[in-house]
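Subject: Structure handover

Hi,

Here is the structure for you to look over. My notes follow it.

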Amino acid sequence: MSDTPKSLSRRPEWPTSVSRPVATPLQPTVVYSSPDPSSLDQQYADGSGFTYAREGHPNATVLAQKIDMLEGVTGGIVNGSGMAAVSAVFLGILKAGDHVIGADQLYGRTLRMMTQDLPRFGVETTLADPTDAASFEAAIKPNTRMMVVEVVSNPTIRIADMEGIAKIANERGILLVVDNTFTTPRSYLPFENGADIVLHSVTKLLAGHADATLGYVVAKDPELMEQIYIANTTFGFTASPFDCWLAERGLQTFDLRYDRAEATAIELAAALADVKGVKRVIHPSRADHPDHNRGLQILGDRPGNMLSFEVEGGRAAADALTRAAPELPFAPTLGDVGTTLSHPASSSHRALTPEARADLGMSEGFFRVSVGLEEPKLLIEEISNAIAESQKA
Ligand SMILES: *Cc1c(COP(=O)(O)O)cnc(C)c1O
């Protein structure tokens with residue numbers, strides 16, 4: 001075997017071109033070389049370039065800037081997952097002895113962090129009902145540093161009293177953190193409504209194709225943002241350039257996808273309410289939604305693409321329903337181009353006792369639908385037929 005020619009391990013000059021690529025280039029490099037130590041010094045001093053991918057890279061910057069634009073801010077960063085965004089906020093800002101109030105129906109892993117992980121680090125936490133701002137107020141202690149809220153709860157689709165909670169947080173100087181994953185900036189703009197920090201699971205609607213796992217976080221205050229950025233790079237929550245590239249590509253059609261999926265969700269919610277065997281349909285567009293008026297006030301005419309429904313019958317009906325719709329992925333995620341169906345009792349909320357689930361209105365016949373981009377008529381038929389089958393079980 002001949003020796004590897006030395007030249008193969010040397011990188012040639014990148015071909016230069018007067019014309020520029022139209023599509024965003026993918027830049028997977030881990031490190032960047034500098035002409036000499038003084039220019040590297042200069043770069044660290046003024047933040048004028050990239051040095052090492054964990055600290056930042058062009059595909060992350062391009063993606064973050066696009067999401068900044070949607071949220072109406074500057075300075076956001078992307079993270080390796082939505083949970084990395086949550087972690088960067090907690091690890092960057094909180095210290096032992098602080099107290100955090102969180103909504104009692106936060107995303108499962110965020111809830112776990114509140115109840116199990118933050119307490120391990122000496123951070124006190126209290127859960128409160130986000131549909132009742134008074135319960136957040138009642139939970140305040142002298143050391144309360146932060147409130148964490150999702151605008152629309154999963155999978156019960158309840159709408160938080162954002163106005164009431166923001167007023168209390170702002171008046172008391174408590175940081176308001178809003179996870180805007182379900183609502184997206186198309187339905188709700190947290191910074192126009194008193195939020196201090198906004199985060200996303202970009203994995204879901206923003207990237208939108210179920211092929212990239214990413215988060216995003218931004219704080220209005222540059223000092224807080226710096227603390228979050230430092231936690232992100234120190235704890236290693238960096239996003240992969242390829243995932244950022246995919247998400248940036250997906251984001252180009254985000255507004256079209258969201259509008260279409262939302263319009264279909266409104267139609268589907270209306271249609272399912274008339275299907276035999278359906279006990280209730282939960283979507284903010286419906287007048288019988290428990291927070292319908294608050295929804296109008298907070299989301300306006302943008303009720304989103306997430307809905308839930310409950311059918312008669314127990315697990316047997318649930319099994320029959322999913323089996324009767326084999327082309328609808330039965331999968332615990334949301335925001336894909338295709339509609340997905342999830343069954344909280346066997347997935348996201350399986351750790352709860354049946355009684356605790358019942359308290360949340362989540363029976364064995366409870367399903368959550370993330371509405372995608374299918375032809376509305378076909379989707380309505382498919383789900384209605386599956387419900388009809390479930391009622392024979
Ligand atoms: C999925 C999700 C997360 C976590 O995001 P990952 O990208 O899966 O880590 C956080 N909050 C909400 C509301 C989510 O739906």
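Below is what I found, starting with the ligand and moving on to the strands.

One caveat: this is a predicted model.

Ligand site

The ligand has 13 residues around it. Gly82, Asp179, Ser201, Thr203 and Lys204 come nearest. The shell splits into five nonpolar, five polar and three charged residues.

Three contacts reach oxygen atoms of the ligand. Thr203 places a polar side-chain atom 2.6 Å from a ligand oxygen. For Lys204, a polar side-chain atom lies 2.8 Å from a ligand oxygen. Gly82 uses its backbone: an N or O atom there is 2.8 Å from an oxygen of the ligand. Taken alone, the ligand exposes 380 Å², and the protein buries 91% of that.

Parallel pair

Strand β2 (residues 99-103) pairs with strand β3 (residues 124-128). The sense is parallel, over five bridges. Ile101 stands opposite Thr126 in β3. Between β2 and β3 the chain passes through helix α4 (residues 108-120). This β-α-β crossover is right-handed.

Antiparallel sheet

There is also an open sheet of four strands, in the order β8-β9-β11-β10. Its pairing is antiparallel. The edges are β8 (278-282) and β10 (340-342), each pairing on one side only. From one strand to the next, the twist averages 20°. At the β10 edge, three bridges join β10 to strand β11 (residues 366-370) in the antiparallel sense. Leu341 has Val369 in β11 as its bridge partner.

Best wishes

Methods:
Residues are numbered from 1 along each chain as its sequence is written. This is a predicted model: local features need pLDDT of at least 70, side-chain atom pairs count only at pLDDT 80 or more; totals for chains, interfaces and linings use all residues. Side-chain values use heavy atoms; hydrogens and water are left out. A residue is near a molecule or strand if one of its heavy atoms lies within 4 Å of it. A polar contact is a pair of N or O atoms within 3.5 Å; within protein, one must be able to donate a hydrogen and the other to accept it, and residues adjacent in sequence count only if both atoms are side-chain atoms. Accessible areas come from the Shrake-Rupley method with a 1.4 Å probe; for residues, only the protein chains shown count as cover. Ala, Val, Leu, Ile, Met, Phe, Trp, Tyr, Cys and Pro count as nonpolar, Asp, Glu, Lys and Arg as charged, and the others, Gly among them, as polar. Two strands pair if DSSP finds at least two bridges between them. Helices (H or I, at least four residues) and strands (E, at least two) are DSSP runs, numbered from the N terminus. A crossover is right-handed if, with the strands pointing away from the viewer, the path from the first strand over the helix to the second runs clockwise. Axes are lines fitted to C-alpha atoms, for helices over the stretch in contact, and angles run from 0 to 180 degrees between N-to-C directions.
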